[in-house]
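Let's take a walk through this assembly together, one piece at a time. Keep the 3D view open and turn it as you read.

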Number of protein chains: 4
Amino acid sequence: MFSNRRSLRIEWGDCDPAGIVFYPRYFAMFDHSTVLLIERALGMSKHRMYETYDFGGYPSVAARARFLIPTRYGDDVIIDTSITEVGRSSFSLAHRLTKDGALAVEGFETRAWVVRDRRGGLRAVPMPEDVVEHFKTG
Amino acid sequence: MFSNRRSLRIEWGDCDPAGIVFYPRYFAMFDHSTVLLIERALGMSKHRMYETYDFGGYPSVAARARFLIPTRYGDDVIIDTSITEVGRSSFSLAHRLTKDGALAVEGFETRAWVVRDRRGGLRAVPMPEDVVEHFKTG
Amino acid sequence: MFSNRRSLRIEWGDCDPAGIVFYPRYFAMFDHSTVLLIERALGMSKHRMYETYDFGGYPSVAARARFLIPTRYGDDVIIDTSITEVGRSSFSLAHRLTKDGALAVEGFETRAWVVRDRRGGLRAVPMPEDVVEHFKTG
Amino acid sequence: MFSNRRSLRIEWGDCDPAGIVFYPRYFAMFDHSTVLLIERALGMSKHRMYETYDFGGYPSVAARARFLIPTRYGDDVIIDTSITEVGRSSFSLAHRLTKDGALAVEGFETRAWVVRDRRGGLRAVPMPEDVVEHFKTG
């Protein structure tokens, strides 16, 4: 399945008074990794996706993480993201954030492929076949 | 002119490793105060504004702040916001964040009344008369 | 066990270009609810806790959430937080974020009671007896 | 004087429901640029600075920005940061965020060199001579 790697430096503003990353920020980092992975998998920007597919985005329906080693301002970390499962109207991803080769944070997300209904709500629908194909092909 | 007051507690996640508010967060607090003030001034939600006025929002074109006294997690602070100037297509606001009665942060913003042009850009246009009226009436 | 309720309004800056809350922000909301609950349970501020207990905080070791109904700018929501389990050196919490009475987001966290070791790392240690007592008494 | 350039991609989570960067996020971007510039100017990490100089950091005492062109998710932007003035106990910086060569946001900050006083407050003190020297030497 498709995967993606990026490196980033932990910013001062990502950290809390205990000097470690404020954990919601890890989910923000994972979200960006997910967006980048999907853009690469489909070969188009998120803007372009909205034009190409008549859809309402791919919001998270579930997310979780385990925080094993704290990271701090200035730490250079690597995030490896991969699609782990492709369903009919949803797909799952795993994120591994490592510091000096050691697993620091492990994250998992399930995303739904949605359309907007008339009242502004979001409803999961089957993913287009080419999207499924691209996600499955590494 | 119109003004608004709200109190809030500084959150752990607002603060940095030095134990004080990460200053971009003050601008986020001021932004929310601005949104609340405008809703009250016009007597409608921001969603409703988009329906009522055929416009693209009131983004900041300039913002500044002075940080006089640091605030920390758990501090209860008050933000007083007021419209200080109403122009043809823009208006200005001032924010005073106080802690135990002392001025801790002072902020200023200029907002433009914009429409989206064909290419997705934003262009300032004259504000509707009733908006000007509401802003000027305290 | 101890529980806590607070209401809050979704802010413009909490939301993403799809118009719904950027999901890492829910974890930030839950974090603040946890801090408030613990302060109430122990009857002291987080600052005071650091002075009273010779410890390094209660960081999350695991967090997860399910996103059932999207929430948007201006929505008034309620977050109910409760301690669900108290172990020897860790405890768990559940958060229920509701909108108009409907469950919109459900969150779970496990927090460890830690000390800092010599190299700046964090190590879980048994929680003080009075803390356990307070957490168990609603 | 010292200057620094970095490029970054606007993230989905940096943007608001209007689809443009939530402006407090620009200040967070500028803050990170400032931290990176100072690390390079002094040839040491912020952690190391705290060990080398007996001080309490270099918090912002004033910040301002002008928002000229909106930026959106996926935009690749460049931030050029330079020290513009070095005083006795404070220094100033300018940030220019450009998109496709056009100035989109212009930011200015004044930072104080502080020590913590006995009550936890922050007090500006003269900067060490070698710091002044490094800041002035490009």
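Contact here means heavy atoms within 4.5 Å. By that yardstick, 8 residues of chain A are in contact with 8 residues of chain B. Please keep in mind throughout that this is a predicted model.

Let's stay with the meeting of chains A and B for a moment. About 750 Å² is buried between chain A and chain B, and carbon and sulfur atoms give 75% of that area. Which three residues of chain A supply more of its buried area against chain B than any other three? They are A:Trp12, A:Pro17 and A:Phe22, which supply 64% of the area that chain A buries there.

How are these two copies arranged? Chain A superposes on chain B after a rotation of 180° with 0.0 Å of shift along the axis, and the RMSD is 0.0 Å. The two copies are thus related as by a two-fold rotation axis. The interface fits that picture: 100% of the interface residues of chain A are also interface residues in chain B, so the copies meet through the same surface.

Now turn to chains A and C. Two copies of a chain are related by a rotation about an axis and a shift along it. For chain C on chain A, the rotation is 180° and the shift along the axis is 0.0 Å, with an RMSD of 0.0 Å. If you want to find this axis in your viewer, look for C:Arg64: of the residues of chain C, C:Arg64 comes closest to the axis, with its C-alpha at 1.9 Å. Here too, 100% of the interface residues of chain C are interface residues in chain A, so these copies also meet through the same surface.

Chains A and C share an open sheet of 10 strands, with antiparallel pairing. Follow the order from one end to the other: β1(A)-β3(A)-β4(A)-β5(A)-β2(A)-β2(C)-β5(C)-β4(C)-β3(C)-β1(C). At the edges stand β1 (3-9) of chain A and β1 (3-9) of chain C; each has a single partner strand, so one side of each is left without a neighbour in the sheet. From one strand to the next, the twist averages 15°.

A closer look at the chain C end of this sheet shows how the strands are registered. β1(C) runs antiparallel to β3 (residues 76-86) of chain C, and 7 bridges join them. C:Arg5 has C:Asp80 in β3(C) as its bridge partner. On the next step along, 9 bridges join β3(C) to the antiparallel strand β4 (residues 90-99) of chain C. C:Asp80 turns up again here, with C:Arg96 in β4(C) as its bridge partner. The connection from β3(C) to β4(C) is a hairpin through 3 residues. In chain A, β3 (residues 76-86) and β4 (residues 90-99) pair in the antiparallel sense over 9 bridges, and A:Val86 has A:Phe91 in β4(A) as its bridge partner.

Helices also meet between chains A and C. The axes of α1 (residues 24-42) of chain A and α1 (residues 24-42) of chain C come within 8 Å and cross at roughly 175°. That makes α1(A) roughly antiparallel to α1(C). In this contact, A:Pro24, A:Phe27 and A:Ala28 meet C:Pro24, C:Phe27 and C:Ala28. By class, the contact has 6 nonpolar residues, no polar ones and no charged ones.

Chains B and D share another open sheet of 10 strands with antiparallel pairing, in the order β1(B)-β3(B)-β4(B)-β5(B)-β2(B)-β2(D)-β5(D)-β4(D)-β3(D)-β1(D). Its edge strands are β1 (3-9) of chain B and β1 (3-9) of chain D, each pairing on one side only. Within chain D, β2 (residues 60-67) and β5 (residues 102-112) pair in the antiparallel sense over 7 bridges, and D:Arg64 stands opposite D:Phe108 in β5(D). Helix α1 (residues 24-42) of chain B lies across β1, β2, β3, β4 and β5 of chain B together with β2 of chain D, running at about 140° to β1(B).

Finish with two helices inside chain D. The axes of α1 (residues 24-42) and α3 (residues 129-136) of chain D come within 9 Å and cross at roughly 105°. α1(D) and α3(D) are therefore roughly perpendicular to each other. D:Ile38, D:Ala41 and D:Leu42 in α1(D) meet D:Val131, D:His134 and D:Phe135 in α3(D), a contact of 5 nonpolar residues, 1 polar and no charged.

Methods: Residues numbered from 1 in each chain as written. Chains lettered and ligands numbered in written order. Predicted model: local features only at pLDDT ≥ 70, side-chain atom pairs only at ≥ 80, totals over all residues. Heavy atoms only, no water. Pairing = 2+ DSSP bridges. Helix = DSSP H or I, 4+ residues; strand = E, 2+ residues; numbered from the N terminus. Axes fitted to C-alpha atoms, helices over the stretch in contact; angles between N-to-C directions. Parallel < 35°, antiparallel > 145°, perpendicular 65-115°, else oblique. Nonpolar A, V, L, I, M, F, W, Y, C, P; charged D, E, K, R; others polar. Least-squares fit on C-alpha atoms with pLDDT ≥ 70 in both. Buried area = accessible area lost by both parts, 1.4 Å probe.
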